[in-house]
Amino acid sequence: MWQAEVYVTFKRGVLDPQGDAIRGALAALGYDTVSGVRVGKYMRLDLAAASEAEARARVDEMCRRLLANTVIEDYRIELAPAAPTSPAAPGAEDAVQQ
């Protein structure tokens, strides 16, 4: 089992109006040392694969086919073995985290 973290961001030169709005709001709040903000997406995927190479290839394909618009976005994949999970106690799925 593998855990993949995928970071998707606009390519250089692609306008980022949400990032510009955040930069302007930060300046209005007195954080005028921030000169640029780029907004992106973060996804964590848990997947089964026989090897790290297979997991990376699968996630790369997912990014190219769905998770990123490769015309205007770049993506970066970080991959690690998933931590083993212990069986949940009965009713644990109903617990609320705070």
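Guide: A residue is called buried under 20% relative accessible area, exposed over 50%, and partly exposed in between, with a 1.4 Å probe and protein chains only. The model is predicted: local features need pLDDT of at least 70, side-chain atom pairs count only at pLDDT 80 or more, and totals for chains, interfaces and linings use all residues. Residues are numbered from 1 along each chain as its sequence is written, and side-chain values use heavy atoms, with hydrogens and water left out.

Visitor: Why is Glu 61 called partly exposed?

Guide: Glu 61 has 37% relative accessibility. That value lies between the cut-offs of 20% and 50%, so Glu 61 counts as partly exposed.

Visitor: What makes Arg 65 exposed?

Guide: The relative accessible area of Arg 65 is 67%. This is over 50%, so the word is exposed.

Visitor: How do you know that Arg 65 and Glu 61 meet in a salt bridge?

Guide: The term needs a side-chain nitrogen of Lys or Arg within 4 Å of a carboxyl oxygen of Asp or Glu. Here the N to O distance is 3.5 Å, so the pair qualifies. Arg 65 and Glu 61 are 4 residues apart in helix α2, and therefore separated by about one helical turn.

Visitor: Which other side chains meet in a salt bridge at 2.6 Å, N to O?

Guide: Those of Arg 58 and Glu 54. Both residues lie in helix α2, 4 residues apart. A search of the whole structure finds 7 salt bridges.

Visitor: Why is the pair of Tyr 7 and Tyr 42 called tilted?

Guide: Rings of Phe, Tyr and Trp (its six-membered ring) pair if their centres lie within 6.5 Å; planes under 30 degrees apart are stacked, over 60 edge-to-face, and the rest tilted. The centres of these two rings are 5.2 Å apart and their planes stand at 50°, so the pair is tilted. Tyr 7 is in strand β1 and Tyr 42 in strand β2, 35 residues apart.

Visitor: What makes the charged end of Arg 76 sit over the ring of Tyr 7?

Guide: The rule asks for NZ of Lys or CZ of Arg within 6 Å of the ring centre and within 35 degrees of the ring normal. The charged end of Arg 76 is 4.2 Å from the centre of the Tyr 7 ring, so the distance part is met, and the pair is listed as sitting over the ring.

Visitor: Why is Tyr 7 called partly exposed?

Guide: Its relative accessible area is 26%. That is neither under 20% nor over 50%, so Tyr 7 is partly exposed.

Notes: Helix = DSSP H or I, 4+ residues; strand = E, 2+ residues; numbered from the N terminus.
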